Amino acid sequence: MIAHGFAEPRQPARVVLLGSRGFVGAAIARRLITESVNHIGIGSSEVDLSDASAVAKLTGILKPTDAVVMLSALTPDKGRDAATLMKNLAMMQHLCRALETTGCAHLVYFSSDAVYSFASGLVSEDTAPAPQDLYGMMHLARETMARSLPKTAVLILRPTGIYGAGDTHNAYGPNRFRRTAEKEGKIQLFGAGEETRDHIQVDDVAAITARCLMHRSGGTLNLASGRSLPFHRVAEIIAKEFPRAIEIVRAPRANPITHRHYDVTKLMKAFPDIRLTMLDEAR
Amino acid sequence: MTGAVIGFAGMTHLGLVSGVCAAEKGFRVVCFDPSASRIAALKRRELPVSEPRLDHLVVKNADRLQFTASDDDLSGCAVLYVAPDVATDDAGQSDLGPLTALLERVFAAARRDAVIVVLSQVPPGYTRGNQRDGRSLYYQVETLIFGRAVERALQPERTIVGCADPAQPLPAAYRAFLDAHGCPVLPMRYESAELAKISINMFLVASVSTANTLAELCEAIGADWSEIVPALRLDKRIGQHAYLSPGLGIAGGNLERDLATVIRFADERGTDAGVVRSWLANSRHRRDWALRLLHKHILSKVRDPVLAILGLAYKQDTHSTKNSPSLALLAHLHSFRVRLYDPVVVPAEANHPRAQGAKSELEACDGADALIVMTPWPQFSKLDPREIASRLRGKVVLDPYAVLNNADCRAAGLEYHRLGAEV
């Protein structure tokens, strides 16, 4: 459950987006512009969080009244090894060291559903994290680092697979399906695409994040649509978006079939009037 | 009139019902409570609880009932029950302080040879921990069910008695009182009796949790739990009276208390309570059934909707709202307009900023976008779905306990949803 620091929404003094040029960061920036929220974006070209010099640079930028949104991370496509893990942890360590000096009003940490295992098909915020790889472990460690900051309202957001225009990643799911459908006229499934997964649209992620910022929400919240579909259904939905026939082909399955559904009741409780885009409704 | 005088200390739900029913069995009964104002209200026949037949029995047995706030009146009792309701917190933890204070008071006021019986539910170890040399102390398992308290007190299935030494016969006065109920008496050691009560509730929770788990699966795969239940009842290993009706989690507070007690003892002693934790998790999950459906069909679609909610009590035939699924739902609907009706509970108990009380069920429906039946009061089943449909602005009806008739609602053009069927 998340708790709102402000029952009624208020404009944050300033939002600092770390990782503002990424797929999600850019969407949040667009949303904050729409909401007329004062914000700045910081990308790796301005501050390399993995370098120790980031501490001094951030200390010079951050203010105690800021709401900081931490999106920067080396994703699995950049490496799944221990070196990547340590680099990711160093990024968070440098941010935390800076925040220990400057303080901030609100820290929103973007974690991942990789903190959960596939032991249960239904996941909620009450599900005990049990990361199965170094990437999930990294996010769980960074969550703990964030929560350890004194006198700071901390919100952990754990998104499921995010889709939408401008995705820079190539994870198995809607974005890759759309890309290969466009380029190659086909979508490749592992096995028959039986696995069920939840996918949330990037603009919905941005909208929820903006609302959390304006309520100064604290706690842990999963970001998911609440409707899971098998990958073969996702592929069919994507294929229908194209005027030409898209071939859906099967490749040998490398991993056993797993399912993941989200109980998004806590999201409904936090924002009872929230309207999320379902994958089969998205355009 | 039957022999010994029986005393009951603690005039809340359990003590009051038990005392009145003892009078109905023909005994003279002293009903004691330290609160003078509570006793004064009882003397005016203003009862703090609502139970079928209770008001009638108070009037009928007025000659045998003595309501008193004076400790001195306890000295005439041969058997003295200590029976205050035990409050629990949100985590299901009991506050035993008031019970212990009352027990001390009863020990001091009662005759040395009086039989003192703890009737309030206590965790294993409590009774032995409060035993006194030379005094006669027992623990008796209470069988109160909200809405059926009188029936259960007058006709218990069996009486479970916790004793310091179960090999010793029960004192004559106590035995005579128990025998008046015409059911088997099962003496056992204190700890067994204390755990027996919890064991009964654990089996009920297991049944309800299983029903809830399978009912949700029914909703997802197009099966109908109400069609499956009769088949289960005909299985002797499950039985006609098994708790198979799906619900909105485990409500009321007493079952949650027992779950918390089992978990605490298991954790302390290193035994496995994983299944109990799963029951609790499932209960929390199912409690939000109505909220999830409301969000899906109304809250995410209709701007500034009006919601008609029938029922605030945690179950039918009771005034209690403790752990009420209705109030739990309302707590998450503060930004929406709601119209409330309950036959017993006043709307103010919902503590909802945009609530409006209605004088009747149909008045609550007037212009509403959805109707949610959150307590299965029998009178709600008499509502005509055609009238409901004519009063509502929308068509959605959430009726978790299937108080209304599915076919009639659909025939009236309503989008009808209940637990255990496809949603």
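**Exercise 1. A helix and what follows it**

Helix α6(A) is followed by R216(A), a residue with a positive phi, near 45°. Helices here are DSSP runs of H or I with at least four residues and strands are runs of E with at least two, numbered from the N terminus. The model is predicted: local features need pLDDT of at least 70, side-chain atom pairs count only at pLDDT 80 or more, and totals for chains, interfaces and linings use all residues. Residues are numbered from 1 along each chain as its sequence is written, while chains are lettered from A and ligands numbered from 1 in the order in which they are written.

Task: work out whether the span of helix α6 of chain A agrees with its number of residues, and whether the helix is enclosed or not.

Solution, step by step:
- Start with the length: α6(A) covers residues 202-215, which is 14 residues.
- The expected span is 1.5 Å times one less than the number of residues. For α6(A) this gives 20 Å, and the end C-alpha atoms are 20 Å apart, which agrees.
- Next, count burial. A residue is buried if 20 or more other C-beta atoms lie within 10 Å of its own, exposed if 12 or fewer, and partly exposed in between, with C-beta atoms placed from the backbone.
- On that count 12 of the 14 residues of α6(A) are buried, so the helix is largely enclosed by the rest of the structure. Among them are V202(A), D204(A), I208(A), C212(A) and H215(A).

**Exercise 2. Loop residues**

Task: place K151(A), D317(B) and Q132(A) in their loops, and sort them by exposure.

Solution, step by step:
- A word on phi helps: most residues other than glycine have a negative phi.
- K151(A) has a positive phi, near 55°. Its loop lies between α4 and β7 (153-159) of chain A. K151(A) is exposed, because 8 other C-beta atoms lie within 10 Å.
- D317(B) also has a positive phi, near 60°. D317(B) sits in the loop between β9 (306-310) and α13 (325-330) of chain B, and with 19 other C-beta atoms within 10 Å it is partly exposed.
- Q132(A) belongs to the loop between β6 (122-123) and α4 (134-147) of chain A. With 13 C-beta neighbours inside 10 Å, Q132(A) is partly exposed. Its C-alpha atom is 7.6 Å from that of Y116(A), 16 residues apart along the chain.

**Exercise 3. The chain A sheet**

Task: trace the open sheet of 7 strands in chain A and name its edges.

Solution, step by step:
- Two strands pair if DSSP finds at least two bridges between them. The order is β1-β11-β7-β5-β4-β2-β3, with mixed pairing.
- β1 (2-4) and β3 (39-42) of chain A each have a single partner strand, so one side of each is left without a neighbour in the sheet.
- Direction ignored, neighbouring strands are turned by 20° against each other on average. Here axes are lines fitted to C-alpha atoms, for helices over the stretch in contact, and angles run from 0 to 180 degrees between N-to-C directions.
- Inside the sheet, β4 (residues 66-70) and β5 (residues 106-110) of chain A run parallel and are joined by 4 bridges. V68(A) stands opposite L107(A) in β5(A).

**Exercise 4. Around β5 of chain B**

Task: find the partners of strand β5(B) and say whether its faces are covered or open.

Solution, step by step:
- β4 (residues 79-82) of chain B runs parallel to β5(B), with 4 bridges, and Y81(B) stands opposite V117(B).
- β6 (residues 136-140) of chain B is also parallel to β5(B) over 4 bridges; I116(B) stands opposite L137(B).
- Both faces of β5(B) (residues 115-118) are covered: V115(B) and V117(B) on one side, and I116(B) and V118(B) on the other, are all buried.

**Exercise 5. A parallel sheet and a helix on it**

Task: describe the open sheet of 6 strands in chain B and the helix that packs on it.

Solution, step by step:
- The strands follow the order β11-β10-β9-β12-β13-β14, with parallel pairing. The edge strands, β11 (355-357) and β14 (415-417) of chain B, each pair on one side only. The twist averages 20° from one strand to the next.
- β13 (residues 396-398) of chain B and β14(B) pair over 3 bridges, where V397(B) stands opposite Y416(B).
- Helix α12 (residues 289-299) of chain B packs on this sheet, touching β12 (370-373), β13 and β14 of chain B, and its direction makes about 175° with that of β13(B). Contact is taken as C-beta atoms, placed from the backbone, within 7 Å.

Conventions. Two residues are in contact if their C-beta atoms, placed from the backbone, lie within 7 Å.
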